[in-house]
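Thanks for coming, everyone. Please bring the structure up on your screens.

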Amino acid sequence: FGWAGAAVWLLVLIAGLWAVAGRSGELTDAGSGVLSPDNLIFLTAAFVIIKLIHELGHGLACKAMAKRERGGGEVRQVGVMMMAFMPLPYVDATSSWSFRSKWRRIVVAAAGMYVELFVAALAALLWSRTPEGTLAHQLSYNVMFVASVTTLLFNANPLIRFDGYYILSDIANL
């Protein structure tokens with residue numbers, strides 16, 4: 001959660017984008033089968049694991065920002081909740097709302113998305129370097145799909161009370 005970490009994150013993100021650049025046909029072909037019955041177990045497993053990593057990102061950011069705030073930032077609850085008939089992990093990082101710095105609150109709110117996009121970039125690198133039809137190729141596509149599409153469509157969306165909503169609230173001083 002410093003400049004060095006941001007630089008590594010950005011480099012990995014650029015490398016992941018570069019790895020899939022110009023391969024839109026392959027991405028589209030793979031995407032057409034993402035909801036097929038044969039792939040649902042992989043998609044579900046990727047979703048649960050990515051959401052676990054997402055929530056850990058919030059928890060770690062909350063702890064890191066608490067050190068800079070010299071207080072607050074306690075993660076009091078970690079658990080599993082049912083959402084859309086699927087058990088999903090959660091971390092209670094609401095103690096970050098007491099941080100004086102809105103930028104530290106934004107870091108905590110955005111941390112899950114940072115982590116997901118980092119994992120998506122790593123999966124893109126793996127997907128681009130594995131032969132089509134292999135298990136590694138299929139799993140990396142599912143991870144890349146879940147970690148990029150869900151974080152951009154749902155978590156970053158300020159119209160839903162997920163991460164993007166809280167980020168926009170802090171930016172707008174609401």
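I'll walk through how the helices pack, then stop at a few single residues. One caution before we start: this is a predicted model.

Let's begin with helix H5, residues 135-155. Find helix H3 as well, residues 40-69. At what angle do H3 and H5 pack? The angle is about 55°, and the axes are 9 Å apart. H3 and H5 are therefore oblique to each other. Their crossing is right-handed.

Who meets whom here? On the H3 side, the list includes Phe42, Leu43, Ala46, Phe47 and Ile50. On the H5 side, it includes Leu135, Leu139, Asn142, Val143 and Val146. The residues of this contact of H3 with H5 divide into 11 nonpolar, five polar and one charged.

Now pick out Asn142, in helix H5. Is Asn142 buried or exposed? Its relative accessibility is 1%, so Asn142 counts as buried. Look at what it touches beyond its close sequence neighbours. Asn142 is in contact with Phe42, Leu43 and Ala46, and also with Val34 and Asn39.

Next, Lys51. This residue is in helix H3. Its relative accessible area is 10%. The cut-off for buried is under 20%, so Lys51 is buried. Which residues does Lys51 contact, leaving aside neighbours within four places in sequence? They are Leu88, Pro89, Glu116, Thr150 and Asn155. Here is a pair to find on screen: Lys51 and Val146. They sit 95 residues apart along the chain, yet their C-alpha atoms are separated by 9.2 Å.

Now the other partner of H5. Helix H4 covers 102-129. The axes of H4 and H5 come within 8 Å and cross at roughly 150°. That makes H4 roughly antiparallel to H5, because an angle over 145 degrees counts that way. H4 passes H5 in a left-handed crossing.

The residues from H4 include Met113, Glu116, Leu117, Ala120, Ala123 and Trp127. Those they meet in H5 include His137, Ser140, Tyr141, Met144, Val146 and Ala147. The contact of H4 with H5 divides into 14 nonpolar residues, six polar and one charged.

Why look at the nonpolar residues? In soluble globular proteins, nonpolar side chains tend to be buried together. So let's look for the cores.

How many residues are in the largest nonpolar core? It has 14. Those with the most contacts inside it are Val20, Ile50, Trp127, Tyr141, Met144 and Val146. H3, H4 and H5 are the elements that give two or more residues to this core. H4 gives the most, with five.

Zoom in on Trp127. Set aside its neighbours within four places in sequence. Trp127 is then in contact with Val20, Tyr141 and Met144. It also contacts Arg23, Glu26, Leu27, His137 and Ser140. A second, separate core has nine residues, among them Ala61, Ala66, Phe99 and Val107.

On to helix H6, residues 163-171. Which residues of H6 are buried? They are Asp163, Gly164, Ile167, Ser169 and Asp170. These buried residues pack against H3, H4 and H5. Just after H6, Asn173 takes a positive phi of about 55°.

Stay in H6 for Gly164. Gly164 is buried, with a relative accessible area of 6%. Not counting residues up to four places away in sequence, Gly164 touches Met113, Asn155, Ala156, Asn157 and Pro158. Compare its position with Met65: the two are 99 residues apart along the chain, with their C-alpha atoms separated by 19 Å.

One last stop, away from the helices. Gln77 is in the loop between H3 and strand S1, which runs over 78-83. Is Gln77 buried, exposed or in between? At 43% relative accessibility, Gln77 counts as partly exposed. Beyond its close sequence neighbours, Gln77 is in contact with Tyr90, Val91 and Asp92. Now measure across to Asp29 on your screen. Gln77 and Asp29 are 48 residues apart in sequence and 41 Å apart in space, C-alpha to C-alpha.

To recap: H3 and H5 are oblique, and H4 is roughly antiparallel to H5. H3, H4 and H5 each give two or more residues to the largest nonpolar core. The buried residues of H6 pack against H3, H4 and H5. That's my tour.

Conventions:
Residues numbered from 1 in each chain as written. Predicted model: local features only at pLDDT ≥ 70, side-chain atom pairs only at ≥ 80, totals over all residues. Heavy atoms only, no water. Axes fitted to C-alpha atoms, helices over the stretch in contact; angles between N-to-C directions. Helix = DSSP H or I, 4+ residues; strand = E, 2+ residues; numbered from the N terminus. Parallel < 35°, antiparallel > 145°, perpendicular 65-115°, else oblique. Left-handed = near helix turned anticlockwise from the far one by under 90°. Contact = heavy atoms within 4.5 Å. Nonpolar A, V, L, I, M, F, W, Y, C, P; charged D, E, K, R; others polar. Core = buried A, V, L, I, M, F, W, Y, C linked by side-chain atoms within 4.5 Å. Buried < 20%, exposed > 50% of the residue type's maximum accessible area, 1.4 Å probe, protein only.
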